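This briefing covers a sheet, two helices, one buried side chain and a few backbone outliers. The structure comes first, and the notes follow by topic.

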Amino acid sequence: MNPCAFRPLRSDSRGSRVLLCLMIAACSAPAAHAQSDLHTHLFAAASAAMTRARLANADLLAPLTFETGTTAYANAEDLYDRHRPVDAIKEQLQEATSSFARAIDAATYAQTQFASALKARSDAMGAGAPRASAQLWVQAEALLRSAAASMENDRPGEARTGAGEAQGIYRSAELDAIRETLLGPARELLARAEEMHVASTAPQTFERAGQLLDLADALVRQNRYDLTEAQRLASEAKYEAAHAIYLHRTLTEIEERKLPIENALLLSEGAIARIAATLNTHIGFDGGYDPVVEEINAAIRSRDTVRAALADSIRRLREENAALRVRLASAQLGATGAPARTDEDREAELRQRVNNAIARAARFFSQREGRVLREGNTVVLRLYAIEFTPDGDSLAPGATEVLARVDKAIRLFPDCHVKVEGHTEPGGSETANQKMSEARAAAVGDYLRAFPPPAKLIESEGWGSSSPIADNATAEGRARNRRIDIVIFPEGAAVHR
């Protein structure tokens, strides 16, 4: 008996109606499955060809041919849905597959002809232009698609002109996106500050935020691919805008509540006093804020010095411990008739001589002038006090006194090699920073070589701003990064860092 055959059921029986629905569904399921398999079989090649065309950007770079393919594909879908003959469906699908293949070829050719425009498009996309500069992005896309259509219609001159226009708009979209991403947060804060009329209560801070933002914007427009300094300025502008809003709220509250100015000053002094207490430093505000700030800075520098001295002491103790182990092993070998003095012995003695020389060299420089460090097999005279002509590479008159002590320090390491390294703070062009660091290092090297050389060899090289040692967000940190390192390779040390 045919399982799908059934007798008429009574219409007033609810259970019978449910049973009827279940039986119809059971009969139709295999047919639906077969229909789905047929669709997959018929459309597989054309679907794969469409996917490949999209991956080749054919919808943008060969829009006419790609549209022919999608139209044929849509026609095939329509015929299939209306249960038209399979041959008619296959004919449309074959046209779609062929069109997508031609579109891929056309898109590949367009990629070579529109290389500059596509590079601009890629850069704009990387900068987030589809979101941050949507209007320009849509305009550029339309121009490039039109240029590609001209190329398909064998109008190369018109195509190149259109691609050039698209390239320019992509670049504008890229710049707008970079500016929005980099400067947007600070702009939003400044706009909020303006709505709050912050300029009436904190005019200096508000004005500084605007100036910093304008400088950052100018740097972005000048060179959108070197954003280090622009990022720093934008960050400072955002901070100053937030700072201005805070000052506005505080000052407004003081005015509205008619609080004495003394309360605000005492509140600030209390915050600073807590910092001093953490540093175990006694302070007093009877002389104003400047002496207090200097005392806190001195405490921090002292703590840093102690920490560095402890680290150096630990290192020396480890080296002495290693030397003692070598001597003990040597003595044990000597007792059995082996040589009592080994290469390890001589290396330990050399390390001790270097440590003694470092301790003596450190006394030549004040804490503000620089530090003497041990870095692996090298000794580094890290100098902050060598001054040059403003924005130049000539030694300032006061630099020679410091360099005379540098010469004395180098002479503590007989038969050494020396490398003078120039370092700058970040900002402006990195190419200019690199040249400046090289020129300043060369000036110091020339000075040291002008007298009877204290070393076998004195070289110089510049590092630009690539090797900071302090936070560039503060003036003090930037001053420490703007330095000269005299790297000493003692006798027997490998001449590399």
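The model is predicted. D154 and N280, both with positive phi, lie in loops between helices: D154 between α7 and α8, N280 between α11 and α12. Elsewhere, five strands form an open sheet with mixed pairing.

**Positive phi outside glycine**

- D154 has a phi near 65°, a positive value in a residue other than glycine.
- The loop that holds D154 runs between α7 (134–152) and α8 (156–195).
- D154 has a relative accessible area of 65%, which is over the 50% cut-off, so D154 counts as exposed.
- N280 is likewise not a glycine, and its phi is positive, near 55°.
- N280 sits in the loop between α11 (261–278) and α12 (289–335).
- The relative accessibility of N280 is 71%, so this residue is also exposed.
- H83, just after α3, takes a positive phi of about 60°.

**Helix α3**

- Helix α3 covers residues 63–81, 19 residues in total, and at 1.5 Å a residue it should span 27 Å.
- The C-alpha atoms at the two ends of α3 are 26 Å apart, which agrees with the expected span.
- The buried residues of α3 include P63, F66, G69, Y73, A76 and Y80.
- An α-helix has 3.6 residues a turn, so residues three or four places apart point the same way.

**Sheet and helix α15**

- The strand order in the open sheet is β1-β2-β5-β3-β4.
- β1 (370–375) and β4 (457–462) are the edge strands, each pairing on one side only.
- On average, neighbouring strands of the sheet are turned by 20° against each other, direction ignored.
- β3 (residues 417–422) and β5 (residues 484–489) run antiparallel and are joined by six bridges.
- H417 has F489 in β5 as its bridge partner.
- α15 packs on the sheet and touches β3, β4 and β5; the direction of α15 makes about 165° with that of β4.

**Y447 in α15**

- Y447 belongs to helix α15, residues 430–449.
- Leaving aside neighbours within four places in sequence, Y447 is in contact with L395, T400 and L403.
- Y447 and A404 are 43 residues apart in sequence, while their C-alpha atoms are 9.5 Å apart in space.

**R478 in α16**

- R478 lies in helix α16, residues 475–481.
- The relative accessible area of R478 is 16%, under the 20% cut-off, so R478 is buried.
- Beyond its neighbours within four places in sequence, R478 is in contact with R232, E236, E425, D471, N472 and A473.

Terms used
Residues are numbered from 1 along each chain as its sequence is written. This is a predicted model: local features need pLDDT of at least 70, side-chain atom pairs count only at pLDDT 80 or more; totals for chains, interfaces and linings use all residues. Side-chain values use heavy atoms; hydrogens and water are left out. Helices (H or I, at least four residues) and strands (E, at least two) are DSSP runs, numbered from the N terminus. Buried means under 20% relative accessible area, exposed over 50%, partly exposed in between (1.4 Å probe, protein chains only). Contact means heavy atoms within 4.5 Å. The expected span of a helix is 1.5 Å times one less than its number of residues. Two strands pair if DSSP finds at least two bridges between them. Axes are lines fitted to C-alpha atoms, for helices over the stretch in contact, and angles run from 0 to 180 degrees between N-to-C directions.
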